[in-house]
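Me: I'd like to learn how to read a protein–DNA model. Could you walk me through one?

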There are 2 protein chains.
Amino acid sequence: MKPITIEDVARLSGVSRGTVSRVINGSQNVNSETRKKVLEVIEKLGYRPNQSARRTAGGRSSTIGIVIPMIGTEFYERLIKSMEEKLRAQWYTMMLFPVLKRDWLSKVMMHDIPNSDAAGMFLCSFDIERLFSSFRKPFEGPTVLVDSYSPLYDSIYIDNELGGYLVGRKFSHLEGSTHVIMMQEYIDSGFWPVFNSRFKGFQKALLENGKSLPHRNVHSYDFSWSAGALAARDIFDNDRPPFNIFAMSDLYAFGVMREAQLRGLRIGRDVKLVGYDDQSVARDWGITTVRQPIEEMGEKAVDLMFKRLERPGKEVESLCLKPEIVERESA
Amino acid sequence: MKPITIEDVARLSGVSRGTVSRVINGSQNVNSETRKKVLEVIEKLGYRPNQSARRTAGGRSSTIGIVIPMIGTEFYERLIKSMEEKLRAQWYTMMLFPVLKRDWLSKVMMHDIPNSDAAGMFLCSFDIERLFSSFRKPFEGPTVLVDSYSPLYDSIYIDNELGGYLVGRKFSHLEGSTHVIMMQEYIDSGFWPVFNSRFKGFQKALLENGKSLPHRNVHSYDFSWSAGALAARDIFDNDRPPFNIFAMSDLYAFGVMREAQLRGLRIGRDVKLVGYDDQSVARDWGITTVRQPIEEMGEKAVDLMFKRLERPGKEVESLCLKPEIVERESA
DNA sequence: CTGAAAGCGCTTACAG
DNA sequence: CTGAAAGCGCTTACAG
């Protein structure tokens, strides 16, 4: 069974292919009677225009690609959802390219994306300059950086240094020992360095208030549910309360919380705890945390894309969003 | 700056477009000298074939679409990763279509997918028959159902009834009161009913052992980190230990665990607890759970797709995978 | 408002 | 092994 083409629609409507094309593309220059007739036939036949053909014939693509480093986290779920919402309102289709393995990064960048026929591309959380020292620029069309920054591209990101600073300022007036749990970031990782920025801001605030953070109070772990508990075990075993712990992800904070409770330490009193991200787990368990305006970032990213699509030659624009502390019981 | 076309390559190589095309498509019928020359020019120019044009000219698409109901969970992260791994080995590109809002389901099915130019389509966790009573079949090409079943399509899924049954059998020899925490499933939701199947199997095992489950011992909640704790609170307040709790997701199980510890109930003794999914949180916190062979499901799904791509007319094939209990400290 | 026609960048028999 | 040519399903000036 052959697919239905514009030719079939034209024949049954008694008009030319050109007219059908005009109807499909919403041209004003079609008699409303004709349009109605054509639309009827389209409906009856179940005709869908072949997108590949439209594009090779010079029509605009209406898909937008999004590259993200992972799925399976609340952060990207929320980000993607807010972006898709806005994209759909303008009839764009979203195509997701998750880079689920480090090895795939070059394949996604050099192969999948150039072939994707997207009108534009969002690149999320990657450090594009580091990426393009090893990769050829993969995509000629409009590119918007989300959750990262480069002077060469439109971009929107959240001020991680400020996030860390806010927590540091809060902690600098507290009694007791101060600890940080973070993820180790490698220079060659290709990711926008969020943890290091948070750390920088945190340390800056402490220094401003005459406090310093011993190197041994910085705990680096991988990213997992148990990491926070392991770190907490280490902290509780080798130091004395009260503890002030900045867990740079709610995941970590949660592990700390659990370990503390097992030991009878009171969260909010013996242990002051601040997480990061305001994930549902922080809301559910009363963890003070740093909220990132994820949805706002997604929406404004789409705005940047639309502007760029309209005026490809316009000057590069960059937006920086502010995080804020959400006070709960844990600190 | 105009994109480089096959014409440019042909001209600079001193051959015809046809020959360049043969080189691109790996045809054997090209003199190796000619091929070398053409390849050089391609490299030098940085030429990339226009995929849209290839497809409209009758070439095969090498992208595969995957529709999933959500991102942000470990289940889909693992599933997608295992599928992409196999797809990439055969030079296919994966395009993800998450359906992040219920309203978008029809748009994704009727618009995005038909336009996606995919050679084949995976549909994950949706109840396709219920879907297609309201939607026209969106996609003519090879379709493989993953994590759901229909006699009309190739499919692979995990035996949820068995999963529930295994837990039920384990619980039927235990002293104390038995409770279930699950998600309420609505008939019109369009999702493959996994919780109901688990419940069915669970109840069956209890009945076989002469036990019954009072209706009030079934606790339905939405899907969140706090739901398990809320359910546990309800259970602990209104019943007496020992408790046997089947939390049909590790997320729920985790909430139960925390609430129990806050009350000084000993997990594994006062509270026997079984989760579902073997997520990292279950591994990290010692929760007995039902492991689903997610990666195996992903890989075999891709096998089904390849078979179907090769022989579009072959008989429909259906695979059912078995879950198993992972024993840990909690039960 | 509409049709005829050229063109988009490819692929693929066909003939040699 | 290769070129010339027809064709894929569309779009878009152009002319009327």
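Me: Thanks! What lies 2.4 Å from a polar side-chain atom of Thr34(B)?

Reply: Happy to help, and keep in mind that this is a predicted model. To read a polar contact, look for a pair of N or O atoms within 3.5 Å. Here, the partner of Thr34(B) is a phosphate oxygen of DNA strand D. Tyr47(A) also has a polar side-chain atom by a phosphate oxygen of that strand, at 3.0 Å.

Me: Which side chain has a polar atom 2.9 Å from a base nitrogen of DNA strand D?

Reply: That one is Thr56(A). For the wider picture, ask which part of the DNA the nearby atoms belong to. Of the strand D atoms within 4 Å of the protein, 62% are sugar or phosphate, and the rest are in bases.

Me: Which residues come nearest to DNA strand D?

Reply: There are 29 residues around the strand, and the nearest are Ile6(A), Arg17(A), Ser21(A), Thr19(B) and Thr34(B). By type, the surface near strand D has 15 polar, 8 nonpolar and 6 charged residues.

Me: Which helix gives the most residues to that surface?

Reply: H2(A) does, with 4 residues. At least two residues each come from H2 (17–24) and H4 (51–56) of chain A, and from H2 (17–24) of chain B.

Me: And how do I read overall shape? What is the radius of gyration of chain A?

Reply: Compare the value with that of a compact globule. Chain A has 26 Å, whereas a compact globule of 331 residues would be near 20 Å. The C-alpha atoms of chain A fill a box of roughly 85 × 40 × 35 Å along the principal axes.

Key
Residues are numbered from 1 along each chain as its sequence is written. Chains are lettered from A and ligands numbered from 1 in the order in which they are written. This is a predicted model: local features need pLDDT of at least 70, side-chain atom pairs count only at pLDDT 80 or more; totals for chains, interfaces and linings use all residues. Side-chain values use heavy atoms; hydrogens and water are left out. A residue is near a molecule or strand if one of its heavy atoms lies within 4 Å of it. A polar contact is a pair of N or O atoms within 3.5 Å; within protein, one must be able to donate a hydrogen and the other to accept it, and residues adjacent in sequence count only if both atoms are side-chain atoms. Ala, Val, Leu, Ile, Met, Phe, Trp, Tyr, Cys and Pro count as nonpolar, Asp, Glu, Lys and Arg as charged, and the others, Gly among them, as polar. The radius of gyration is taken over C-alpha atoms; the globule rule is 2.2 Å times the number of residues to the power 0.38.
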